Amino acid sequence: MEISTIKLPLLLVIILLAGCNSNDCGFPLDQIRYADKAQHNKKTFYLYTRTTGWHNKVVFFELYDSEPTFDNCRQTKTKFIYKIDYDDYPERKYVKDIILQPENTEKLKITYTKNKEEGVANVYDVKFTR
C-alpha cells in the first residue's frame with residue numbers, strides 16, 4: 001500500500017500534534033524567558049516574558065515580587081503582581097524604556113519608539129531602565 005504525496009503531509013501533522021500533547025500540559029506551551037531583576041526599597045523584583053499562541057503570538061511582560069519557579073508546563077504557583085502585553089501593532093515598535101514603579105498601579109512604565117536605534121530590537125532582550 002502506497003501513501004499518496006497529498007496524504008503524507010497531513011499524516012505527519014497529525015503525528016506531530018498527537019506527540020506534542022503527551023505531556024498533559026495542553027498545546028501549545030507558553031514560552032517563558034527570564035528578562036531581568038531590579039531592587040526597589042530593598043526588595044527584588046523579577047521580570048519575565050511569556051509568549052502565548054500558536055500562529056498569532058502575543059508577548060506579555062510579567063512582574064513578580066519573589067522569584068518564580070516554573071514547572072514543565074511553564075506554570076508557577078508564584079502569582080505575578082503585574083502583567084501587560086507587548087504592543088507591537090499596527091506597526092513595529094521597540095521598547096525604549098521599561099521602568100519599575102511597584103508603588104504605582106501601573107507597576108511597569110513602558111516607553112516605545114519606532115526608531116530601532118533608540119529601542120531594543122528583540123523584545124526578549126529587554127532590561128529594566130536603571
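**Exercise 1. Charges over rings**

Find the ring under the charged end of R33, then do the same for K83.

*Solution.* Start with R33 in this predicted model. Its charged end sits over the ring of Y124, 3.9 Å from the ring centre. Now go to K83: here the ring belongs to F60, and the charged end lies 4.6 Å from its centre. The cut-off for the distance is 6 Å, and both 3.9 Å and 4.6 Å are within it.

**Exercise 2. An aromatic pair**

Work out whether the rings of Y64 and F70 are stacked, tilted or edge-to-face.

*Solution.* Two things are needed here. A pair of aromatic rings is described by the distance of the centres and the angle of the planes.

- Step 1: count the pairs in the model, and you get six aromatic pairs.
- Step 2: take the one made by Y64 and F70, with 6.3 Å centre to centre and 85 degrees between the planes.
- Step 3: apply the cut-offs. Centres must lie within 6.5 Å, and planes over 60 degrees apart count as edge-to-face. Y64 and F70 are therefore an edge-to-face pair.
- Step 4: check the surroundings. Y64 is buried, at 1% relative accessibility, whereas F70 is partly exposed, at 23%.
- Step 5: widen the view. Y64 and F70 belong to one aromatic cluster together with Y34 and Y48.

**Exercise 3. The sheet around strand 3**

Describe how strand 3 is paired on either side, and say why strand 3 counts as largely enclosed.

*Solution.* Begin with the overall layout. The protein chain has one helix and six strands, running α-β-β-β-β-β-β from the N terminus. Four of the strands make an open sheet in the order 1-2-3-4, with antiparallel pairing. Strand 1 (31-40) and strand 4 are at the edges with a single partner strand each, so one side of each has no neighbour in the sheet. From one strand to the next, the twist averages 20 degrees.

Next, look at the strand 2 side. Strand 2 (residues 43-52) runs antiparallel to strand 3, and seven bridges join them. Two facing positions help you find the register: L47 is opposite L63, and Y46 is opposite Y64. The two strands form a hairpin with five residues between them, and G53 in the turn has a positive phi of about 105 degrees.

Then cross to strand 4 (residues 82-85). Strand 3 pairs with it over four bridges, again in the antiparallel sense, and F61 faces I84 there.

Last, the burial. Strand 3 (residues 58-64) has seven residues and five of them are buried, so the rest of the structure largely encloses it. For scale, buried residues make up 28% of the 130 residues in the protein chain.

**Exercise 4. Two aspartates**

Decide whether D36 and D30 are buried or exposed, and list what each one touches.

*Solution.* Both decisions use one cut-off: buried means under 20% relative accessible area.

- D36 lies in strand 1. Its relative accessibility is 8%, so D36 counts as buried. Beyond residues up to four places away in sequence, D36 touches F45, Y46, L47, K127, F128 and R130. D36 and L63, 27 residues apart in sequence, are 9.8 Å apart C-alpha to C-alpha.
- D30 is in the loop between helix 1 (7-20) and strand 1. At 16% relative accessibility, D30 is buried too. Leaving out neighbours within four places, its contacts are R50, T51, T52, R74 and Q75. For T51, the C-alpha atoms are 5.5 Å apart although 21 residues separate D30 and T51 in sequence.

**Exercise 5. Positive phi outside glycine**

Take K42 and R74 and state where each one sits, its phi and its exposure.

*Solution.* First locate them. K42 is in the loop between strand 1 and strand 2, and R74 is in the loop between strand 3 and strand 4. Now read the backbone angle. K42 has a positive phi near 65 degrees, and R74 has a positive phi of about 65 degrees. Neither K42 nor R74 is a glycine. Finish with the surface: K42 is exposed, at 84% relative accessibility, while R74 is partly exposed, at 31%. R74 also brings you back to Exercise 4, being one of the residues in contact with D30.

Conventions. Residues numbered from 1 in each chain as written. Predicted model: local features only at pLDDT ≥ 70, side-chain atom pairs only at ≥ 80, totals over all residues. Heavy atoms only, no water. Phe/Tyr/Trp six-rings, centres within 6.5 Å; stacked < 30°, edge-to-face > 60°. Buried < 20%, exposed > 50% of the residue type's maximum accessible area, 1.4 Å probe, protein only. Lys NZ or Arg CZ within 6 Å of the ring centre and 35° of its normal. Pairing = 2+ DSSP bridges. Axes fitted to C-alpha atoms, helices over the stretch in contact; angles between N-to-C directions. Contact = heavy atoms within 4.5 Å.
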